[in-house]
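Me: Could you walk me through this structure and tell me what stands behind each label you use?

Reply: Happy to; here it is.

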Amino acid sequence: MTCKLCGAHLEDDMAVCPLCGAPRDPDEHPQPAAPAAPSPADAAPEPPSAAPEPEAPAPDSPAPAADASEPAPSTDEPAPEAPASDPDEPAPAEAEAPAPEASDTPDGSPDTPAPPPPEAAAPAEAPREKRRTRPVVFLVAALAAVAVLVLACVALLGGRSDAGDGADTADTALSSTDDETDVQEPGDTASDPAGDSETEAPEDDPVAVLHVDESGAFVAHAYAKPAEEVTAEEVAAVVATCGDQELTNGQLSFYFWQQYFSFLNTYGSYAAFFGLDSSQPLSEQMYSETQTWEDFFLQEAVRTFWQVAAVGRDADEAGYQLDEATTAYLETLRSGMEQEAEANGYTVDEYVQTVYGPHVTLEDYMAFGEGLMRASGYLSQLFGSIEYTDEDVESYLADHAGDYAAQGAAVDDPNLVDVRHILIMPQADEDAELDENGNPVLTEQNWTDARVKAEEIYDIWQSGEATEESFAELAREYSEDGSASNGGLIEEIRPGQMVETFNDWCFDESRQPGDHGIVESPYGYHIMYFSATRDYNYARSLAEQDYVSARQEALLNGILDGTPITVDYSVVVLPETVQ
């Protein structure tokens, strides 16, 4: 699925676009009026691949939210006296610091809107006219709206296979550089009198940014400098070359800040748990033992340029052209930039420079956006042309059965199911006592009242049309679960994914489409409607996704191999304009 606002690729568990922050499907599924408290879960999966995981997170770092579409598996502990609300909400990760608040979206995943750039990350207001305001929010939103290639090939595929997964590129690069010596700092005249030596990189990752001494220890450095000190010559300096495409410092600024804001949009307040403080210089914060966050974003910015340039060259050879809708969007973006600049007292070039540094222009910005859109469109076309058979997937599954079994997805598991439910939660008395966690203590009468209400709603359904459609309407009206806005539907449930009673009802061997009933869980009473059994199980589903991803990765790597990149990090200059 793609974002309705910016066209970015959305994984199944994404409730909001990690680039522009738009809800997954705002028109078809409006957001619920009030957020619901998260429910307990046993574990949380790794964070989405839109941004990397740091090599050494702090001990108290929480795991990102769990797969957000279902109740957690039950444990042997007694049911909680007070429900924690949605069974299909993710659990807050175990950590000292609280997770950001979340509200449910139609697919049950937490709606964590992409935050605007923090105040500390915005440039100072222009001193010339009081009516001028900071253009950061609009410019970054516009940037996010065109930066779709990052999800299409960096986050989705994790970059080149020989450089490791997206979360592990730094690890792989570091492990391959134990013998690297005399790596130069940018413009380090002490060891590089000419100031123009190219920073060495491991052979298997030509865009790696590394600054280590002979012993492999990190050497402090910084690429950023005050914007007013950046010269036109520095902006025009060529950092990387790929085919006939050159990446200057001016264009690099767009790629660099796109990486930065994409990370913030993906993780929001979780960014701090990964060791990123938006109020501090990136060059003073360590991403790994031998890379700063500035190094990391720089490395990924150059990697994205490589992909844009290489895919763009392939698109040229194939005669690919942007469609009319994309061309029209780019023109709308241009006019929007011009209007925003005028409204805030800037020329349009000044407006761009306020965020991305001196000497760049609107035309530079538009060229960046068009390059991303064109490469993304062409790559999507290539990915869409990949053909495969059931036999291909079954063979892939057989080869990786052990890996999936280790993930709790056995090849002989029951098939996935789709279920609708209406959750009625017991309501505590106004004068209820609070437990040790500050939650109101529920009485037996509270539970009885909830049961009576559930039975009344169940009777309403049975005495009416008693169809799946009428059940969905009642779910929208009465359910206290996050799936209410989607008619109570939870899709592709796998065994063991739900709380025990919910799970047992779903996977009863006799269960057939159209079956219905009431199930009690620690959250309340679920009026159930069995919608469908899929013709595949969880392992088969994972295998198909992984098989297609492997084919996509091979396709992209083939393009990159055909258009290598050369990089000279010694000339990099990043204006201190946003940080």
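Me: What makes strands 5, 4, 7 and 6 one open sheet?

Reply: The four strands line up in the order 5-4-7-6 with antiparallel pairing. Two strands count as paired if DSSP finds at least two bridges between them, and strands here are DSSP runs of E with at least two residues, while helices are runs of H or I with at least four, each numbered from the N terminus. Strand 5 and strand 6 (516-521) stand at the edges with a single partner strand each, so one side of each has no neighbour in the sheet. This is a predicted model, in which local features need pLDDT of at least 70 and side-chain atom pairs count only at pLDDT 80 or more, whereas totals for chains, interfaces and linings use all residues. Residues are numbered from 1 along each chain as its sequence is written, and side-chain values use heavy atoms, with hydrogens and water left out.

Me: How do you know that strand 4 and strand 5 pair?

Reply: Three bridges join strand 4 (residues 415-424) to strand 5 in the antiparallel sense, and the rule asks for at least two, so they pair. One bridge partnership is that of R420 with L489 in strand 5.

Me: What packs on this sheet, and at which angles?

Reply: Helix 12 (residues 444-463) touches strand 4, strand 6 and strand 7, and its direction makes about 165° with that of strand 6. Helix 15 touches strand 4 and strand 7, at about 55° to the direction of strand 7. Touching means heavy atoms within 4.5 Å. The angles run from 0 to 180 degrees between N-to-C directions, with axes fitted to C-alpha atoms, for helices over the stretch in contact.

Me: Why is the link between E491 and R534 called a salt bridge?

Reply: The term requires a side-chain nitrogen of Lys or Arg within 4 Å of a carboxyl oxygen of Asp or Glu. The closest N and O atoms of E491 and R534 are 3.4 Å apart, so the pair qualifies under that rule. E491 lies in strand 5 (residues 489-493) and R534 in strand 7 (residues 524-537), so the salt bridge ties together parts that are 43 residues apart in sequence.

Me: Are E491 and R534 buried, exposed or partly exposed?

Reply: Buried means under 20% relative accessible area, exposed means over 50%, and partly exposed lies in between (1.4 Å probe, protein chains only). E491 has 42% and R534 has 21%, so both fall into the partly exposed class.

Me: What makes E394 and R540 a salt bridge, and where do they sit?

Reply: Their N to O distance is 2.9 Å, which puts the pair inside the limit. The two link distant parts of the chain, with E394 in helix 10 and R540 in helix 15, 146 residues apart. R540 is buried at 12%, whereas E394 is partly exposed at 41%. Both belong to a network of salt bridges that also includes D390 and E544.

Me: How do you know that helix 10 has a buried side?

Reply: In helix 10 (residues 390-399), V393, Y396 and L397 are buried. They cover an arc of only 100° around the axis, so they lie on the same side of the helix; the arc is taken over the directions from the helix axis to the C-beta atoms. The face turned away carries the exposed residues E391, A398 and D399. Among the elements covering the buried residues are helix 11 (401-406) and helix 15 (538-562).

Me: What about R313 and E317: why do they count as a salt bridge?

Reply: Their side chains meet at 3.8 Å, N to O, so the pair passes the rule. They are four residues apart in helix 6 (residues 293-318), which separates them by about one helical turn. R313 is partly exposed at 37%, while E317 is exposed at 60%. By this rule the count comes to 16 salt bridges.

Me: Which other open sheet is there, and what order does it have?

Reply: An open sheet of three strands has the order 3-2-8, with antiparallel pairing. Strand 3 (245-248) and strand 8 (565-567) stand at its edges. Strand 2 (residues 238-242) and strand 8 share three bridges, and A240 has V567 as its bridge partner in strand 8.
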